[in-house]
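User: I'd like a close look at a single part of this model, please. Pick one element and walk me through how it sits among its neighbours.

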Amino acid sequence: MTAAALTVTVASLTGLLRAETALLGAGETRDVAELAAAKQRLASSLEQQIATLDRERPQWHTALSAAAAAALAQAMSALHEAAEANGAMLERQIALSRELLGAVAAEARRLAGTAQETYGASGTVSRFDAPTPLAVNTSL
């Protein structure tokens, strides 16, 4: 295991993060599951490579040449930036999905007319919405 191999893995993970961010930004969600699986595999590989280096050569990072250390630092910095952008885009997509599902559920409740009102002993009106069945088609 070398720092060069570690740098290549970091660069590959960075590329995947950027690709996923671009797809999500364009509203293309069909290939995101594949990218997420590949991202998980690369992140696991990166973690395993670092654990192996730490176990076999505990001070491996201090023994790097200046060029290898600079390349690894630059790759890690790019990974950090890509991960921040990816995380923000994923949060945005999750918020949009929640909002959309909430709007669909509210409209389904309105159309189903499952709201019920009851009068209390003191003359107050209580309203509650019975759950409306909702199916989501994930092949959109």
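Analyst: Let's start with helix 2 and work outwards from there. The 25 residues of helix 2 (residues 32-56) should span 36 Å at 1.5 Å a residue, and the end C-alpha atoms of helix 2 are indeed 36 Å apart, which agrees. The expected span of a helix is 1.5 Å times one less than its number of residues. Helices (H or I, at least four residues) and strands (E, at least two) are DSSP runs, numbered from the N terminus.

A word on what you are looking at: this is a predicted model, in which local features need pLDDT of at least 70 and side-chain atom pairs count only at pLDDT 80 or more, while totals for chains, interfaces and linings use all residues. Residues are numbered from 1 along each chain as its sequence is written, and side-chain values use heavy atoms, with hydrogens and water left out.

Now to the inside of helix 2. Its buried residues are Val32, Leu35, Ala38, Lys39, Leu46, Gln49, Thr52 and Leu53. Buried means under 20% relative accessible area, exposed over 50%, and partly exposed in between (1.4 Å probe, protein chains only). The cover over these buried residues of helix 2 includes helix 1 and helix 3.

Take the partnership with helix 1. Helix 1 and helix 2 pack at an angle of about 155°, and their axes are 10 Å apart. Axes here are lines fitted to C-alpha atoms, for helices over the stretch in contact, and angles run from 0 to 180 degrees between N-to-C directions. Helix 1 and helix 2 are therefore roughly antiparallel to each other; angles under 35 degrees count as roughly parallel, over 145 as roughly antiparallel, 65 to 115 as roughly perpendicular and the rest as oblique. The crossing of helix 1 and helix 2 is left-handed, a label used when the near helix is turned anticlockwise from the far one by less than a right angle (right-handed if clockwise).

On the helix 2 side, the contact is made by Val32, Leu35, Ala36, Ala38, Lys39, Leu42, Ala43, Ser45, Leu46, Gln49, Ile50 and Leu53. Helix 1 answers with Ala5, Leu6, Thr9, Val10, Ser12, Leu13, Leu16, Leu17, Ala19, Glu20, Leu23 and Leu24. Contact means heavy atoms within 4.5 Å. The residues in this contact of helix 1 with helix 2 divide into 18 nonpolar, 4 polar and 2 charged, where Ala, Val, Leu, Ile, Met, Phe, Trp, Tyr, Cys and Pro count as nonpolar, Asp, Glu, Lys and Arg as charged, and the others, Gly among them, as polar.

Helix 1 deserves a look of its own. With 23 residues, helix 1 should span 33 Å at 1.5 Å a residue, and its end C-alpha atoms are 33 Å apart, which agrees. The buried residues of helix 1 include Leu6, Thr9, Val10, Leu13, Leu17, Glu20, Thr21 and Leu24, and the buried residues of this helix pack against helix 2 and helix 3. After helix 1 comes Gly27, with a positive phi near 80°.

The other neighbour is helix 3. The axes of helix 1 (residues 3-25) and helix 3 (residues 66-112) come within 8 Å and cross at roughly 25°. That makes helix 1 roughly parallel to helix 3. This crossing is left-handed, and the residues of the contact of helix 1 with helix 3 divide into 18 nonpolar, 6 polar and 2 charged. Helix 3 has 47 residues and reaches 68 Å from first C-alpha to last, close to the 69 Å expected at 1.5 Å a residue. Among its buried residues are Leu72, Ala75, Leu79, Asn86, Met89 and Gln93, and what covers the buried residues of helix 3 includes helix 1 and helix 2.

Two residues tie the picture together. Val10, in helix 1, is buried, with a relative accessible area of 0%. Leaving aside residues up to four places away in sequence, Val10 touches Leu46, Ala75, Met76 and Leu79. The C-alpha atoms of Val10 and Ala75 are separated by 6.2 Å, although the two residues are 65 residues apart along the chain.

Asn86 lies in helix 3 and is buried too, with a relative accessible area of 3%. With residues up to four places away in sequence again not counted, Asn86 touches Leu17, Glu20, Thr21 and Lys39. Lys39 brings us back to where we began, as one of the buried residues of helix 2.
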